[in-house]
Amino acid sequence: MSGQSFLSTSGTEIAFVLVGIVALGAALLTVTTRQLVHAALWLVVALGALAVEYLLLTAEFVAWVQVLIYVGAVVVLLLFGLMLTRAPIGPSPDADSRHRPLAAAVAVAAAALLVTVVADAFRTTWITLRPGAGSAEANGIGLFRAWVLPFEALSVLLLAALVGAIVLSRRRAARPGVHEEADD
Amino acid sequence: MHLLYPVVLSALLFCTGVYGVLARRNAVLVLMAVELMLNAVNLNLVAFDVWLRDTLHAGQALTLFTVTIAAAEIGLGLAIVLLLYRRRGTSSVDRLDELADRPDPPHPDQGAGPDPDADQDADPDARPAPDATSDDQPRKAAA
């Protein structure tokens with residue numbers, strides 16, 4: 001892991017901006033398309049482009065975790081959720097609520113505020129990218145030396161979420177004395 | 001690389017997620033927009049970690065934690081959405097408003113019932129507080 005990189009510094013910036021445009025466009029299509037399954041597929045593009053951004057920021061391990069968990073697991077879960085709630089294939093006109101102009105106004109105002117503040121705060125800040133700073137080795141050393149306790153607490157949280165999801169999605173048997181309404 | 005590129009991209013992605021949460025009607029699409037917001041936060045964390053380069057790798061460790069929490073959140077959220085769809089036959093967040101505060105209650109008998117109770121509850125709540133302070137004062141005096 002010497003200082004050699006595939007792209008030069010300005011090449012990295014150009015690639016970052018181009019992939020960022022792809023990510024932002026896919027994210028916009030995710031929240032605006034009227035075809036529900038296409039929204040999930042555009043989400044794959046946005047999350048994959050974000051994984052490429054992590055790679056360009058030398059965070060290799062986070063990039064592969066992103067590909068594995070988000071593109072691999074979360075989007076598949078979302079597609080299953082769309083299928084199990086019988087989302088229509090093809091355009092559905094009621095995908096957006098009637099508060100759409102208000103939501104757009106709030107989002108544009110938040111974007112203007114955030115970009116103004118952030119651009120003012122970090123106008124003169126530069127990152128020096130060093131290859132190897134985000135490798136699996138560096139992340140593993142950090143995780144298992146300094147962050148062991150949060151890591152283990154997080155595994156308990158995952159177990160609790162798993163048990164909760166199973167309990168919620170289990171079709172419970174009709175017990176005597178329990179009044180169930182609209183249980184088909 | 002200029003720090004502005006990742007940070008501005010993350011701010012724009014977050015606002016896209018905000019628009020999705022506010023404008024979408026299907027609950028699964030709302031969850032997708034929440035994922036976009038979480039990913040914007042992750043990009044911010046990675047960018048600041050690469051910038052600050054601390055020895056503990058706090059930014060990337062927190063990114064991994066956020067990814068894990070997002071996975072747990074999406075699992076639980078989809079389980080809730082599926083349960084609601086099975087019970088109510090819809091996954092539209094506009095129609096799932098049974099817990100909403102309405103200005104005029106649909107059942108006047110049930111709506112008028114809790115108000116006198118609330119007034120009666122409020123008075124005993126107000127009374128023990130002076131008693132507690134008056135109890136505390138002799139103890140402090142004795143101490």
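Q: In which helix is A:L18 placed?
A: The model is predicted. A:L18 belongs to chain A. Its place there is helix α1.

Q: Which residues form a nonpolar patch on the surface together with A:L18?
A: The patch joins residues of two chains, with about 450 Å² of accessible area together. α1(A) gives the most to this patch, with four residues. Besides A:L18, the members are A:I14, A:V17, A:I21 and B:Y5.

Q: How much area is buried between chain A and chain B?
A: The size of an interface is often given as the accessible area lost when the parts come together. Here, carbon and sulfur atoms give 74% of that area. The total between chain A and chain B is about 7,300 Å².

Q: How many residues does each chain bring to the contact?
A: Contact here means heavy atoms within 4.5 Å. Chain B brings 69 residues, and chain A brings 88.

Q: How many residue pairs are in polar contact between chain A and chain B?
A: Both residues of a pair must be at pLDDT 80 or more. With that condition, the count between the two chains is 17.

Q: Which element gives the largest share of the side of chain A that touches chain B?
A: Elements that give two or more residues to this side are α1, α2, α3, α4, α5 and α6 of chain A. By class, the side has 56 nonpolar, 19 polar and 13 charged residues. The largest share is 13 residues, and it comes from α1(A).

Q: Which residues form the salt bridge across the interface?
A: Side chains of opposite charge can pair when their charged atoms come close. The rule finds one salt bridge between chain A and chain B. Its closest N and O atoms are 2.9 Å apart, and the partners are B:R24 and A:D96.

Q: Which residue of chain A also meets A:D96 in a salt bridge?
A: Over all chains the count is five salt bridges. One of them has an N to O distance of 3.7 Å and includes A:D96. This pair links the loop between α3 and α4 with the loop between α1 and α2, 62 residues apart. The partner of A:D96 is A:R34.

Technical notes
Residues numbered from 1 in each chain as written. Chains lettered and ligands numbered in written order. Predicted model: local features only at pLDDT ≥ 70, side-chain atom pairs only at ≥ 80, totals over all residues. Heavy atoms only, no water. Buried area = accessible area lost by both parts, 1.4 Å probe. Salt bridge = Lys/Arg side-chain N within 4 Å of Asp/Glu carboxyl O. Polar contact = N/O pair within 3.5 Å; in protein donor to acceptor, adjacent residues only side chain to side chain. Nonpolar A, V, L, I, M, F, W, Y, C, P; charged D, E, K, R; others polar. Patch = residues over 30% accessible without salt bridge, like charges linked within 9 Å, V, L, I, M, F, W, Y side chains within 5 Å. Areas by Shrake-Rupley, 256 points an atom, 1.4 Å probe, with all protein chains shown as cover.
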